[in-house]
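Biologist: I have just opened this one and don't know my way around yet. Could you walk me through it if I throw questions at you?

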Amino acid sequence: LEKSLWGFATQTLRDFEVVIADDGSGPPTRETIDRTRHETGLSIQHVWHEDCGFRKCTILNRAIMAAQGNYLVFTDGDCIPRRDFLEVHHRLAAPGRFLSGGYFKLPLELSRIITRDDIAADRATRATWLRACGLRWSRKNFKISTGPLMAKLLDTFTTTRATWNGQNASGWKADLIRVNGFDERMEYGGLDRELGERLMNAGLRGKLLRYRAVCVHLDHARGYARPDSLARNQAIRRETRRTRAVWTAYGIVKQSRPALVHAA
């Protein structure tokens with residue numbers, strides 16, 4: 001999380017707030033946030049609830065409602081954004097659209113050696129520096145090695161579909177509220193994709209920017225991945241696609257459909 005926040009402290013776009021959706025972590029996380037807020041001057045809201053199991057969707061919905069802006073960029077606390085990350089999302093935002101980015105996954109040893117200085121100097125998201133530190137060559141390296149023109153071409157002609165990806169996606173707060181946010185029945189595995197499917201059912205179109213809005217993912221264990229929750233999530237997603245659902249009764253508002261409000 002600290003490395004992610006350092007990445008946001010270096011952004012070329014400066015007018016933003018950070019809302020941390022904290023699914024029940026302990027005092028060390030709060031201390032890290034307080035210290036980093038002081039060191040960076042970032043405007044940070046810390047939205048927290050107690051640890052009662054995996055409730056990421058619940059705290060994300062609380063964070064959506066707490067956010068002061070009308071356009072929201074989503075990422076994860078294990079991702080370091082390139083310094084133009086927010087600028088790209090801001091520039092490409094458009095009515096009736098959501099933006100679909102990707103991430104570049106780093107190996108564990110390389111994730112560990114990245115320092116605050118590496119992030120401040122814009123090295124941690126650059127292929128040349130990462131290769132010098134031991135990153136193996138792969139075609140996936142194009143995500144972090146292409147210039148603006150080539151990145152736009154790759155986003156235009158790739159066969160990858162635009163989906164809502166929790167580590168790199170953005171959309172209008174009003175659209176997220178219109179579909180009632182994340183489905184709080186869902187645990188790890190596809191919870192972000194299901195939200196994107198309801199946004200598309202509501203008529204929004206995704207725009208791909210996996211090569212233009214760059215973030216690198218720090219490796220770590222995932223003790224919260226369970227086969228039973230994955231199966232339940234897949235069943236919810238199948239139902240969303242089958243019924244072309246827009247609204248979830250298990251989101252921000254706990255009701256089967258939005259209330260109708262009539263002007264006096």
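Biologist: Where does R244 lie?

Modeller: This is a predicted model, and in it R244 lies in the segment after helix 11, the helix that covers residues 227-243. R244 has a positive phi of about 55°, although it is not a glycine.

Biologist: Why mention the sign of phi?

Modeller: Most residues other than glycine have a negative phi.

Biologist: Okay, and is R244 buried or exposed?

Modeller: R244 is exposed, with a relative accessible area of 54%, and the cut-off for calling a residue exposed is over 50%.

Biologist: What about N180, where is that and what is its phi?

Modeller: N180 sits in the loop between helix 9 and helix 10, and its phi is positive at about 75°, although N180 is not a glycine either. In contrast to the exposed R244, N180 is buried, with a relative accessible area of 1%.

Biologist: Switching to helix 3, which of its residues are buried?

Modeller: Helix 3 runs over residues 56-66, and its buried residues are C57, T58, I59, L60, N61, A63 and I64.

Biologist: And what do those buried residues pack against?

Modeller: They pack against three strands, namely strand 1 (18-23), strand 2 (44-49) and strand 3 (71-74), and also against helix 9 (173-178) and helix 10 (191-201).

Biologist: Now the sheet with strands 4, 9 and 6: what is its order?

Modeller: That sheet is open, its three strands come in the order 4-9-6, and the pairing is mixed. Strand 4 (79-81) and strand 6 (104-105) stand at the edges with a single partner strand each, so one side of each has no neighbour in the sheet.

Biologist: How do strand 4 and strand 9 pair?

Modeller: Strand 4 pairs with strand 9, which holds residues 215-217, in the antiparallel sense over three bridges, and C79 stands opposite H217 of strand 9.

Biologist: Zooming out, how many helices and strands are there?

Modeller: The protein has eleven helices and nine strands. Its C-alpha trace spans about 60 × 45 × 45 Å along the principal axes, and 45% of the 264 residues count as buried.

Biologist: What radius of gyration does the protein have?

Modeller: The radius of gyration is 18 Å, and this agrees with a compact globule, because one with 264 residues would have a value near 18 Å.

Biologist: Last one, what does the surface come to?

Modeller: The accessible surface comes to about 13900 Å², and 53% of that belongs to carbon and sulfur atoms. As for charges, the protein has 43 positive and 29 negative ones, and their mean positions are 8 Å apart.

Terms used. Residues numbered from 1 in each chain as written. Predicted model: local features only at pLDDT ≥ 70, side-chain atom pairs only at ≥ 80, totals over all residues. Heavy atoms only, no water. Pairing = 2+ DSSP bridges. Helix = DSSP H or I, 4+ residues; strand = E, 2+ residues; numbered from the N terminus. Rg over C-alpha atoms; globule rule 2.2 N^0.38 Å. Buried < 20%, exposed > 50% of the residue type's maximum accessible area, 1.4 Å probe, protein only. Areas by Shrake-Rupley, 256 points an atom, 1.4 Å probe, with all protein chains shown as cover. Lys, Arg positive; Asp, Glu negative; His and termini not counted. Charge placed at Lys NZ, Arg CZ, Asp CG, Glu CD. Contact = heavy atoms within 4.5 Å.
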